[in-house]
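Biologist: I should be grateful for a close look at the salt bridges of this protein. Please describe the partners and their surroundings in one connected account.

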Amino acid sequence: MDTIIDDLSARLAHRLRLERDSRGWSLADLAERSGVSKATISKIERAEVSPTAVVLVRLASAFDLTLAGLMLRAESQQGRLSRYAEQPVWRDPETGYLRRQVFVRPDHPIEIIRVEMPAKQRVTLPTSSYAHIRQALWVLSGALVIIEGGERHELGTGDCLGFGPPAEVTFANETNSPCTYVVALARS
């Protein structure tokens, strides 16, 4: 699994540089648009550091992409069958949460992501990460708190939450055990 994670980090670094170059933006331009420092962007593009989920969302938003859209471009998987061993996996260096891209295709409106959230961890994603998508989250094991636009939802094993209009969302595992959940999203 570490090889897949390392490979995805390298592909993300390359994709970020391509997105920036294709727009003719300098590091300063991207820093201004994303709120991420030039030094951090430079290190990410050279694959010296792995970006956190929050940083990736900010960078994707600057390119007018969702996090899923940016990951899709970096992963560039083809075909209708998504084999487990070939599914890209990425670990957030800040929280340790593990994201597995179960299914994604550029020509298909549905995307499926499996996340393992370690105990006592949380991630807050900005409103911009939910532009142009609709999603539902299904807890496979453990418990998860979702704070969506200030509204708190406590989910246990088997519970499913359909997200409302785009809003800042916090995913929090407040327990002492890991939580595993699936996100199904449709691009609009």
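Modeller: Glu 154 and Arg 152 form a salt bridge in which the closest N and O atoms are 3.0 Å apart. The model is a predicted one, and the values that follow are computed from it. Glu 154 is exposed, its relative accessible area being 60%, while Arg 152 counts as partly exposed at 42%. Arg 152 is also among the residues touched by Ile 146, whose other contacts include Glu 151, His 153 and Leu 155.

This pair belongs to a network of salt bridges that links Arg 122, Arg 152, Glu 154 and Glu 174. Within it, the side chains of Arg 122 and Glu 174 meet at 3.6 Å, N to O. Arg 122 lies in strand β4 (residues 121-125) and Glu 174 in the loop between β9 (169-173) and β10, so this salt bridge ties together parts that are 52 residues apart in sequence. Both ends are partly exposed: Arg 122 has a relative accessibility of 44%, and Glu 174 has a relative accessible area of 36%.

A further salt bridge joins Glu 45 to Arg 20, with the closest N and O atoms 2.8 Å apart. Glu 45 is in helix α3 (residues 38-45) and Arg 20 in helix α1 (residues 2-22), so the pair connects parts 25 residues apart in sequence. Here both partners are buried, Glu 45 with a relative accessible area of 13% and Arg 20 with one of 6%. In total, the count comes to 10 salt bridges.

The surroundings of the network lead back to Ile 146, which touches Leu 137 and Phe 171 as well as Arg 152. Leu 137, Ile 146, Phe 171 and Tyr 181 are the residues that touch the most other members of the largest nonpolar core, which has 45 residues. Helix α4 (residues 53-62) supplies the largest share of this core, 7 residues.

The sheet may be described last. Six strands form an open sheet in the order β1-β2-β3-β10-β5-β8, with antiparallel pairing. Strands β1 (89-91) and β8 (160-162) stand at the edges with a single partner strand each, so one side of each is left without a neighbour in the sheet. Strand β10, which bounds the loop holding Glu 174, pairs with β5 (residues 133-141) over 8 bridges in the antiparallel sense, and Gln 135 stands opposite Leu 185 of β10. On β5's pairing with β8, there are 3 bridges, again antiparallel, with Ala 136 opposite Gly 162 in β8.

Note on methods. Residues numbered from 1 in each chain as written. Predicted model: local features only at pLDDT ≥ 70, side-chain atom pairs only at ≥ 80, totals over all residues. Heavy atoms only, no water. Pairing = 2+ DSSP bridges. Helix = DSSP H or I, 4+ residues; strand = E, 2+ residues; numbered from the N terminus. Core = buried A, V, L, I, M, F, W, Y, C linked by side-chain atoms within 4.5 Å. Buried < 20%, exposed > 50% of the residue type's maximum accessible area, 1.4 Å probe, protein only. Contact = heavy atoms within 4.5 Å. Salt bridge = Lys/Arg side-chain N within 4 Å of Asp/Glu carboxyl O. Lists of a residue's contacts leave out its neighbours within four places in sequence.
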